[in-house]
Amino acid sequence: MGGRKGAGVLELAVLGLLHESPMHGYELRKRLNVVLGMFRAFSYGSLYPCLKQLLAKGLIVEDRPEEPNPALALQSRRSKIVYKLTADGKERLQQLLTEAGPAAWEDEGFGVHFAFFSHTRADVRLRILEGRRSRLEERLESVRAALARTRERVDSYTLELQNHGLESVEREVRWLNELIGRERAEQAELAVQAVQAEQADRAREQEKAAKAESSTQKTQDTPREQGR
């Protein structure tokens, strides 16, 4: 189960990075290490099977530059391959970015989804953030209960370690509260702007209709005045 989850997380990460720019395997691995720190443990042994699967599904393609020297071509074949996202790959990425279930806010998947929030719909972002917060609040209750039960039975170093874990979760919950507050404020502002834009459009349509009616009325009144 964990392996399938990890593969799904890696698939999202690879498709998301290739959506930003085509790149070869080594560059892709470096980007995974830098942008998605949780993937530092991933090796070529994990990355290349994922790339092969994405190739087989038609989600990415290989761009192999021409090498005039056959010996050099064989030697540097893999390092020169550039991976690019296909139209199906972009569609698959959008599908993954709309998923807002538990896998998106668990420890393994949250960081990856968060890394691509700029490509994610606002309502999906909010659901993931709220789901993550709920999960951590559950964890807080569990850690606090464990601390209350074991406080008198553990040494000072174990107690410090447990308090450190508790403080880390509390910090993340506060951070999530700030993010959720900003997301809700932005969505509320966008909703107000949408209503204002709709009202402005309606007012312009009414003004246009009034002018058209006035023009029609003047046209009808002109013959009457001439007849007089």
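Helix α8 (residues 122–150) makes a convenient starting point: at 1.5 Å a residue its 29 residues should span 42 Å, and the end C-alpha atoms are indeed 42 Å apart, so expectation and model agree. The expected span here is 1.5 Å times one less than the number of residues. Helices (H or I, at least four residues) and strands (E, at least two) are DSSP runs numbered from the N terminus. The model is a predicted one, in which local features need pLDDT of at least 70 and side-chain atom pairs count only at pLDDT 80 or more, while totals for chains, interfaces and linings use all residues. Residues are numbered from 1 along each chain as its sequence is written, and side-chain values use heavy atoms, with hydrogens and water left out.

Several residues of α8 are buried, among them Val124, Leu126, Ile128, Leu129, Gly131, Leu136, Leu140 and Leu147. Buried stands for under 20% relative accessible area, exposed for over 50%, and partly exposed for what falls in between (1.4 Å probe, protein chains only). The buried set of α8 also includes the charged residues Arg125, Arg132 and Arg133.

Turning to charged pairs, the count comes to 17 salt bridges, each defined as a side-chain nitrogen of Lys or Arg within 4 Å of a carboxyl oxygen of Asp or Glu. Within α8, Arg135 and Glu138 form one of these, at 3.0 Å from N to O. These two residues are three apart in the helix and are therefore separated by about one helical turn; Glu138 is partly exposed at 48% relative accessibility. Helix α9 (residues 156–227) offers a similar case with a spacing of four residues, again about one helical turn, between Glu198 and Arg202. Their side chains meet at 3.1 Å, N to O. Glu198 is partly exposed at 45%, and so is Arg202 at 41%. In addition, salt bridges with shared partners join Asp107, Arg132, Arg139 and Glu172 into one network. As general background, an α-helix has 3.6 residues a turn, so residues three or four places apart point the same way.

A further salt bridge pairs Glu20 with Arg31, with the closest N and O atoms 3.1 Å apart. This pair links distant parts of the chain, since Glu20 belongs to helix α1 (residues 2–20) and Arg31 to helix α2 (residues 25–35), 11 residues apart. Glu20 is partly exposed, with a relative accessible area of 41%, and Arg31 is likewise partly exposed at 26%.

A polar residue of interest is Thr86, in the loop between β3 (82–85) and α6 (87–97). Thr86 is buried at 16% relative accessible area, and its side chain reaches the backbone oxygen of Gly58 at 2.6 Å. Beyond its neighbours within four places in sequence, Thr86 is in contact (heavy atoms within 4.5 Å) with Gly58, Leu59, Ile60 and Val61.

Finally, the whole structure holds four aromatic pairs; rings of Phe, Tyr and Trp (its six-membered ring) pair if their centres lie within 6.5 Å, with planes under 30 degrees apart counted as stacked, over 60 as edge-to-face and the rest as tilted. Phe110 and Trp175 are edge-to-face, with centres 6.4 Å apart and planes at 85°. Phe110 sits in helix α7 (residues 107–115) and Trp175 in helix α9, so this pair ties together parts 65 residues apart in sequence. Phe110 is buried at 6%, whereas Trp175 is partly exposed at 32%. The rings of Phe114 and Phe117 are tilted, with centres 5.0 Å apart and planes at 50°. Ring pairs link Phe110, Phe114, Phe117 and Trp175 into a cluster.

Definitions and conventions. Polar contact = N/O pair within 3.5 Å; in protein donor to acceptor, adjacent residues only side chain to side chain.
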